[in-house]
Structures are given as structure tokens and as C-alpha cells.
2 protein chains.
Amino acid sequence: MKLELQIKMNPSLFLRDPEQSELGKNIIKHSIQLIHNNGFEAFTFKKLAESIGTTEAGVYRYFENKHKLLVYIISWYWGWIQFQLNYQTNNIKDPTVKLKKVITLLSTNVEDDITTGHVDESKLHQILIAEGSKAYLTNHVGKDNKQQFFKPYKDLCNAIGEIILEYNPKYKYPHSLASTIIEMAHLQNFFMNHLPSLTDFSKSKDEKEIIKYLEDLVFNTIRI
Amino acid sequence: MKLELQIKMNPSLFLRDPEQSELGKNIIKHSIQLIHNNGFEAFTFKKLAESIGTTEAGVYRYFENKHKLLVYIISWYWGWIQFQLNYQTNNIKDPTVKLKKVITLLSTNVEDDITTGHVDESKLHQILIAEGSKAYLTNHVGKDNKQQFFKPYKDLCNAIGEIILEYNPKYKYPHSLASTIIEMAHLQNFFMNHLPSLTDFSKSKDEKEIIKYLEDLVFNTIRI
DNA sequence: TATTTATGATAGTAATACTATTATTTAAAA
DNA sequence: TTTTAAATAATAGTATTACTATCATAAATA
């Protein structure tokens, strides 16, 4: 028996469910490749279609536009992180251990062999670092938010907030700290690699340094 | 005598110095208006030209493309913040007071009457919140960085790092904490207004809450 | 006054972000 | 097994964007 992780996606994100066909899966797979290689700005449906061996119109039957496709793969990523978090913290009681797992999970580029079918989680992680905030930094955030496009992110933020409160029930900013952890796990990584003088990890360029920084930040902030 | 603040800009950012002509000043002024109103994605040189009453070609004589124009106004903003920081912390010795000034400066939407000539700092602040990270989240960060496009940001980050070290000379991550303060002052504001469940300020929607959050974060982190 | 320099007006191109149409293949239902 | 529906491929077309190029004119300067 083969278990496959299925992440439930918001149907407003697509016109036709990409999980349900080979072409759909190829759209996701090649999108991740292309966005990872050339960035979201340079990514077009025409290039995507060429890369798959289909036509532009073919892609448009699945996704209305490239922004929704980006939000789709980002949502998928947050769903996957949420699953990993639940899985890894299952049966663990100590919130310290849980928080450390969260920080490591968000900061680490999973070099996973068991890539989930057509999705390369490692590349996705790097896409999130470089393009993640473009999902919401638009002038249509409000609309997108009403359509629940950011629910997976919010759910994750809530889950992390819960763990923070387990650690210190009196801490006043669990959600803000959670979103700070998430965003900084990515941004400090981006800075480390592209604008190193904005960080203190320039020499090693090692994710472990980011983890140490965040652990120091979080546990000093929430300690009782 | 009229004193006017002149912020020295990196000449690689423009083809013709916008400070040196009426048209140039109008380009900056109307860019800020348009980007503020419709976001950077919807901003085009054609719309800008129409808004000024010139032609597209006219704008292209000043800026190579809209990305460089964005980097220009963002650089201007960081230069201005740097000036404000130096001015406001001048003669102050206590690093606690200085850090609080930094946090307030970065988190507050200056409703300034004395807007610096053609630049509306309040709108610029909001542009930074929504578009600031787009200056560096590109696949040509490396190139841009080599041309010193991000120097004003780095200088500010360094200056804040210095104050952090004055407070606690043994703190290990002054630059990372500085960039965290800068980015979070903006991002928590964006979240507060557009994705409130990612923060703990949803009820009040008050910048002062962000300041409190950041002060709590920073001083708990760096305390000796 | 001559001449450089900035601007205005207009045109044109390649690429992007789509929409529409029709033919063909594949898969599901009758 | 045939009919029918659904998905895909192939092609074409449009409006907008992101530019580049040209030439005339106005303003500043030598």
C-alpha cells in the first residue's frame, strides 16, 4: 500500500484541479522549476507551456493567472509545513522542544528524498524565501484574503501561537511573534545569501546560525 | 534662509538626476502618488507620464525602468530615515532611549507638515510597508547589490546594530536583529491592516501596539 | 547669435497577459 | 459498443506593457 500525502487546496485558486491530471501535475512541477530558476517576475505561462510541451491556452484552463498559481504552490507549501509540524510534534509535550522543531522546520532546506510526488519541497522552500511575500504584497490582498487564499498561512501562524502560549500563557503577542518567526526564518536566509551585511551569518552561510539566532530571539522574548 | 535637506543618491540609479529639474521632481512626486494609490505592479511609465503631463519617452530619459525608480525612492527614504535617526539621537547617550527612538521612527507614519519639497514622507512610509521588499526580492539582487543600490539600507542597519552593541556589547546578532526590527516594523503594520489575524493588534489597529511589541522583543532579546 | 541641451510629439517593436475558436483525442456513460 | 461529453492541442487575435528611435521645438548657455 502506498500512502500519499494529499493537501486539500482552496478551489478558488484554480479553474481545474491540477492534482487530477497529468497535465495539471506537470503545470505544478514545471512552475516550481521555472520560478525557482528565474524568479516569479520572469515566469510566464508561455514559457511554462513550452517547458511542459503544451500550449499557453492549456495552462490557462487550470489557472486564471500566474498570481493564483503562485498562491497555489505557496498554499501547498504551508499545508505541507503544517503537516510536518503536526507530525513532528505529535506526542511531544514540552513546548520548548516543539518551538525548536518549528524554528528548525521553517529554517531548514529539506533535502528530502521522498519528495511528495511531483512537488520538490526543497525548491519550494527556496521559492518561499524569495517570492513568498509576493503572495500578499499586492493591492488586491483584501480580495484575496476574503477568498481565504491565506488560510494555510494563518492556520500555521495560529498553531505556532498556541505553542508559544503553552510555553508562556501570559505572553501578549503570540501571533505577531509567530509571523515574525515565519518571515524571519525566510528573510534572514535571503539576506545571508544575497545581502550578507544585513545579517551576522556572513562567514558561515549556514542555516544553523539562523536557527540559533531565532531560538535566542524567541526564548528570550517569551521566557517567564 | 531656507534649509533644504538634500539626500545624496547613487547616480547609477538614474540616467538624469531628477533633483535637477522640474520634470524630474514631478517624476518623483507623481511616482510616489501613483505607487501609493495603485501599488507597484499597476504602476507604469505611461500612466506616470499621463499623470505628469509629459510623455513616456520623457520619463525614460530619467529612469531606465520602473524598478530603478522604485529603488531610487526607497533609497531616498532610507537616507531620510538615517538623517532623522542621527538628528533625533544626537546628544543622547542612553542606548535604551536611542533604540526606542529607532523603533518609533520605523513604526510611525510621520504626518509631517514640513514635507521635504516634492516628497511626501508619509506616503513614502506606506510605500515602504507594501513595496519595500520588492526592491531586493528579484533575481538580479546580486547585480543591484554590486552597484550599491542597497547601501542606504545597509548603513541604517549598521547604525542600528551599533546602538544594539552599545546596549549589550556581547549580543551576538546585532545586524540580524537590526534588519528584523526594520522589516518587522513594516510587516507587522501591513499584517495589522490587511491580514490582522497574523498579529495581535487587530482590535486597536494602532501603530503604538507595534512599537510595544518590538520594544518587548528587542529589550528582552538583548538584555544583559 | 550660435549652439548645445532638454523636452514634446509621434511612431514603432517585441513580449506579456490574456480570450476565443475549432479540431482532435481520450475517457466515461448509455 | 456506441454515443457523448470532457480534456487537450493548435492556431489566431487583442490590449497593454516595456521599451527604442526619430525629429521638431523650446529653453538655456557660450
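Biologist: What makes Tyr62(B) count as a polar contact of DNA strand C?

Modeller: A polar side-chain atom of Tyr62(B) lies 2.8 Å from a phosphate oxygen of DNA strand C. A polar contact is a pair of N or O atoms within 3.5 Å (within protein, one must be able to donate a hydrogen and the other to accept it, and sequence neighbours count only through two side-chain atoms). So the 2.8 Å pair of Tyr62(B) qualifies. Please remember that this is a predicted model, where local features need pLDDT of at least 70 and side-chain atom pairs pLDDT 80 or more, while totals for chains, interfaces and linings use all residues, and side-chain values leave out hydrogens and water. Residues count from 1 along each chain as its sequence is written, with chains lettered from A and ligands numbered from 1 in written order.

Biologist: Which part of DNA strand C does Arg16(B) reach with a polar side-chain atom, and which part does Tyr60(A) reach?

Modeller: Arg16(B) has a polar side-chain atom 3.2 Å from a phosphate oxygen of strand C. For Tyr60(A), the partner is a sugar or linking oxygen of strand C, at 3.1 Å.

Biologist: What makes a residue one of those that surround DNA strand C, and how many are there?

Modeller: One of its heavy atoms must lie within 4 Å of the strand. By that rule 16 residues surround strand C, and Glu56(A), Tyr60(A), Asn65(A), Thr54(B) and Tyr62(B) are the closest. Helix H3 of chain A, residues 56–60, gives the most to this surface, with three residues; a helix here is a DSSP run of H or I with at least four residues. Of the strand C atoms within 4 Å of the protein, 47% belong to sugar or phosphate and the rest to bases.

Biologist: Which residues come nearest to DNA strand D?

Modeller: Thr54(A), Arg61(A), Tyr62(A), Glu56(B) and Tyr60(B), out of 16 around strand D. Sugar and phosphate make up 54% of the strand D atoms that come within 4 Å of the protein. Here helix H3 of chain B provides the largest share of the surface, three residues.

Biologist: Which kind of strand D atom does the side chain of Glu56(B) meet, and which kind does Thr54(A) meet?

Modeller: An N or O atom in the Glu56(B) side chain is 3.1 Å from a base nitrogen. The Thr54(A) side chain has an N or O atom 2.6 Å from a phosphate oxygen, and for the Arg16(A) side chain a phosphate oxygen is 3.1 Å away.

Biologist: How many residues of chain A are in contact with chain B?

Modeller: 45 residues of chain A touch 45 residues of chain B, where contact means heavy atoms within 4.5 Å. The two chains bury about 4000 Å² between them, which is accessible area (1.4 Å probe) lost on being put together, summed over both. On the chain A side, Leu137(A), Tyr173(A) and Asp200(A) lose the most area to chain B.

Biologist: How many salt bridges join chain A and chain B?

Modeller: Zero, with a salt bridge being a Lys or Arg side-chain nitrogen within 4 Å of an Asp or Glu carboxyl oxygen. There are, though, 22 residue pairs in polar contact between the chains.

Biologist: Why is the relation of chain A to chain B called a two-fold axis?

Modeller: A rotation of 180° with 0.0 Å of shift along its axis superposes chain A on chain B, with an RMSD of 0.0 Å. That is the relation of a two-fold axis. The fit is by least squares on C-alpha atoms of residues with pLDDT of at least 70 in both copies. In addition, 100% of the interface residues of chain A are interface residues in chain B too, so the copies meet through the same surface.

Conventions. Helices (H or I, at least four residues) and strands (E, at least two) are DSSP runs, numbered from the N terminus.
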